[in-house]
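This report describes the fold of one protein chain, beginning with a single strand and moving outward to the core. Please keep the sequence and the structure in view while reading.

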Amino acid sequence: MANPPKNQEWSTQDWNNHWDSGKLSKHMKKEYNEDLLRQEKLLFPDSGKSYRVLVPLCAKSYDMEWLASKGHSVIGLDCSETVLKEFFVEHNMEFSEAQDGNFKVFKSKSEELDITLYAGDIFNLPSLKFEKCDAVWDYASIVVIKPQERQKYANVITEKLTTDASYLLCAFNFDGFVNPNGPAYHTCSKMVCDIFGDHFEITELPDATTEHIFNGKAVAMKNFFYMTKNK
C-alpha cells in the first residue's frame, strides 16, 4: 500500500487526483508481495484448481500478474483508470477497454494471463455482472476505507463471493507507531471481527504478523486474517 499524506479525509476524486499526479505510483513496489507468496497454500487450498481471485483497491499491484501466472483469473478494482492502465503498460500487456455501467473495464488480451480490472467506486461493486469469485487477496484495502463505511465495504465484497470462498486480509495496526486520521485509518482485530463476523469464520494468523516499513521506518504492524464463508 502506498502512503499518502496523513490526517486528511479523502474522496474518490482526491484519490484519482493523487494517482494522476504520479505521487503514489513512485511508492508502489515493483515486486510480488512476500506475504502473499508465503500464504499461497492457505488462500488456494486446492492446488489443482484455477480460482477467480478478487483484488479490491488493487492499484497496479504486481501481485495480480503473479496470481494470473499461477493460472488464476484475476478481478481487480480501483477508482483510478490511470493506475489500472499503468499496470498493463508496466507488464507490457495489450488490453481492451469497455464500459460496464459506471465502471470502465480493462482486460488483458493475453491468452496466458486472465486479468480484468474495473475502474469505479467500489461501493457500486454489486452492480457488476461478473461471475462470483472464490478467493480474495485483500492487502490493506480496509486501512483506507473510512471507519463509518467499513461495514458497507464488507457487505459489498461478500456479495460477490461464492459460498466456499477463502479470503486473506491484511490490516495495519498503527498503535504505538503513528496516529493516522485519514486517508489511512486505524484497524485492529476487533474491527475485522465486527465487520466481517456475520459473514465469515475468522482466524487471525499471529505467525504472519510483521512490521510495515515505509521509507526505512516501521509505521505499523501488519496483521493477517484468514476467513471462510459461514455455512
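A residue counts as buried when its relative accessible area is under 20%, as exposed when the value is over 50%, and as partly exposed in between, using a 1.4 Å probe and protein chains only. The model is predicted, and local features need pLDDT of at least 70, side-chain atom pairs count only at pLDDT 80 or more, and totals for chains, interfaces and linings use all residues. Residues are numbered from 1 along each chain as its sequence is written, and side-chain values use heavy atoms, with hydrogens and water left out.

**Strand 1 and its neighbours**

Helices (H or I, at least four residues) and strands (E, at least two) are DSSP runs numbered from the N terminus. Strand 1 is mostly covered, with 5 of its 5 residues buried. Arg52, Leu54 and Pro56 point one way from strand 1, Val53 and Val55 point the other way, and all are buried. In a regular strand, side chains alternate between the two faces of the sheet.

Two strands pair if DSSP finds at least two bridges between them. Strand 1 pairs with strand 2 (residues 73-78) in the parallel sense over 5 bridges, and the bridge partner of leucine 54 in strand 2 is isoleucine 75. The chain passes from strand 1 through helix 4 to strand 2 in a right-handed β-α-β crossover. Right-handed here means that, with the strands pointing away from the viewer, the path from the first strand over the helix to the second runs clockwise. Strand 1 also runs parallel to strand 6, joined to it by 2 bridges; valine 53 stands opposite alanine 135 in strand 6.

**The whole protein and its core**

The protein has 7 helices and 10 strands, and 52% of its 231 residues count as buried. A nonpolar core is a set of buried Ala, Val, Leu, Ile, Met, Phe, Trp, Tyr and Cys residues joined through side-chain atoms within 4.5 Å. Which residues have the most contacts inside the largest nonpolar core? They are Trp137, Tyr167 and Phe196, in a core of 70 residues. Strand 7 gives the most to this core, with 8 residues.

A contact means heavy atoms within 4.5 Å. Not counting residues up to four places away in sequence, tyrosine 167 touches several residues, including Leu43, Tyr153, Ile157 and Phe196. Tyr153 and Ile157 are among the buried residues of helix 6 (residues 150-159). The buried residues of helix 6 pack against several elements, among them strand 1, strand 7 (161-173) and helix 7 (189-196).

**Cysteines**

A disulfide is a pair of cysteine sulfur atoms within 2.5 Å. A search of the whole structure finds 0 disulfides. Cysteine 58 is in no disulfide, and the nearest cysteine sulfur, that of cysteine 79, is 9.8 Å away. Cysteine 58 is buried, with a relative accessible area of 3%, and cysteine 170 is buried as well, at 0%.

**Two positive phi angles**

Most residues other than glycine have a negative phi. The table gives two residues with a positive phi that are not glycine.

| Residue | Phi | Loop | Relative accessibility |
|---|---|---|---|
| Leucine 57 | about 50 degrees | between strand 1 and helix 4 (63-69) | 26%, partly exposed |
| Asparagine 92 | about 55 degrees | between helix 5 (81-90) and strand 3 (95-100) | 72%, exposed |
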